[in-house]
Amino acid sequence: MTQPDSAQWYISQIESGSPPPIERAEIGRKLSEIGDQRQGVGTIVVNGITLPDVVWCHIPAGEFMMGFEGIDELEEPDHTVYLPDFYMSRYLVTYAQYRAFENASDFADVRWWNDFSDEQKYQKIDQTFKYANHPCEGVTWVMVTAFCRWLTHHWNEANMPFLVWNMGTKSYQQIKIMLPSEAEYEKAMRGTDGRMLPYGNMDIENDFGFDPDKANTFETGIGMTTAVGLFPDGASPYGVLDGIGNVDTWTRSQPHGYPYKPDDGREDVVGKSRIIRGGSWNSDASYAYASHRGDGIPATSKHSWVGFFVVAYAE
């Protein structure tokens, strides 16, 4: 029997989703202090190199409805988008996982920082909530793009196992890891049935049926980030957690208008601003739905409410 106050007991409380969110958030912080051993949250050592331990969720190829009409013209028009299959990290990238990059001996390798000015390169994280299992925040778009390049290189070099949630381990000769496009983010949250929240409600007159017990936003009352995966009942149709709330996620998309066209320059690496998605601990329910998009924030900015997911493609 699992003993109270053991690491496994803390994990069981988080994964059950049963204690109230504020209590569960405290459990998550205690788990960070004693060591969070959940797969996909921390790091592993491969060939003497500390690397993020990522668990992936499979997003199958197909069409989905992107955008929504009647709330904000930035989300209009709603339209059908086809995406090939891809994988998205089950969890937001954690503080511990980003620190593996920052502490790596090849952190300053020019290969990760190509395309960026000297002022943008080699910056260090400005984490506000310094818990290993909380999402990384206080990072620029430039920094997280460099992280993705570094992780792609080392993942392929180490031939790391590709663990897919609910599917087991897959084998690929090469993968490419990037930030999600805003279309990839939106499909991962909405699935193919047009839902506006990962957990499926569609109460348009009441923030689409937003439930503060299923995401960390202002209404939840925690007032800071939480351990990733703290809201299992808020999982997306594909198993992604914290897609709404906790921190917004950087995307690789620039703030171009709709319809979404991936080849119109919006995904180019050179650009001053990027779209963020998802809402955060510091924003209310009016930002916390899957089609919401602002008009972009500077790619060189750092915020305690912006972190990131990663996506992967088999090559």
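## Aromatic pairs and nonpolar cores

Ring pairs link Tyr98, Phe101, Phe107, Trp113, Tyr122, Phe147, Trp150 and Phe308 into a cluster, where rings of Phe, Tyr and Trp (its six-membered ring) pair if their centres lie within 6.5 Å, and planes under 30 degrees apart count as stacked, over 60 as edge-to-face and the rest as tilted. The model is predicted, with local features needing pLDDT of at least 70 and side-chain atom pairs counting only at pLDDT 80 or more, while totals for chains, interfaces and linings use all residues. Residues are numbered from 1 along each chain as its sequence is written, and side-chain values use heavy atoms, leaving out hydrogens and water.

By the ring rule there are 20 aromatic pairs, and two of edge-to-face geometry are set out here.

| Pair | Centre distance | Plane angle |
|---|---|---|
| Tyr98 and Phe308 | 6.5 Å | 90° |
| Phe129 and Trp281 | 5.4 Å | 90° |

Tyr98 and Phe308 each have 0% relative accessibility and count as buried, a label for residues under 20% relative accessible area (exposed is over 50%, partly exposed in between; 1.4 Å probe, protein chains only). Phe129, at 14% relative accessibility, is buried as well, as is Trp281 at 11%.

The largest nonpolar core (buried Ala, Val, Leu, Ile, Met, Phe, Trp, Tyr and Cys residues joined through side-chain atoms within 4.5 Å) has 50 residues, of which Met66, Phe86, Met88 and Phe210 touch the most other members. Apart from this core lies another, of 43 residues, which include Ala100, Trp113, Ile125 and Met143.
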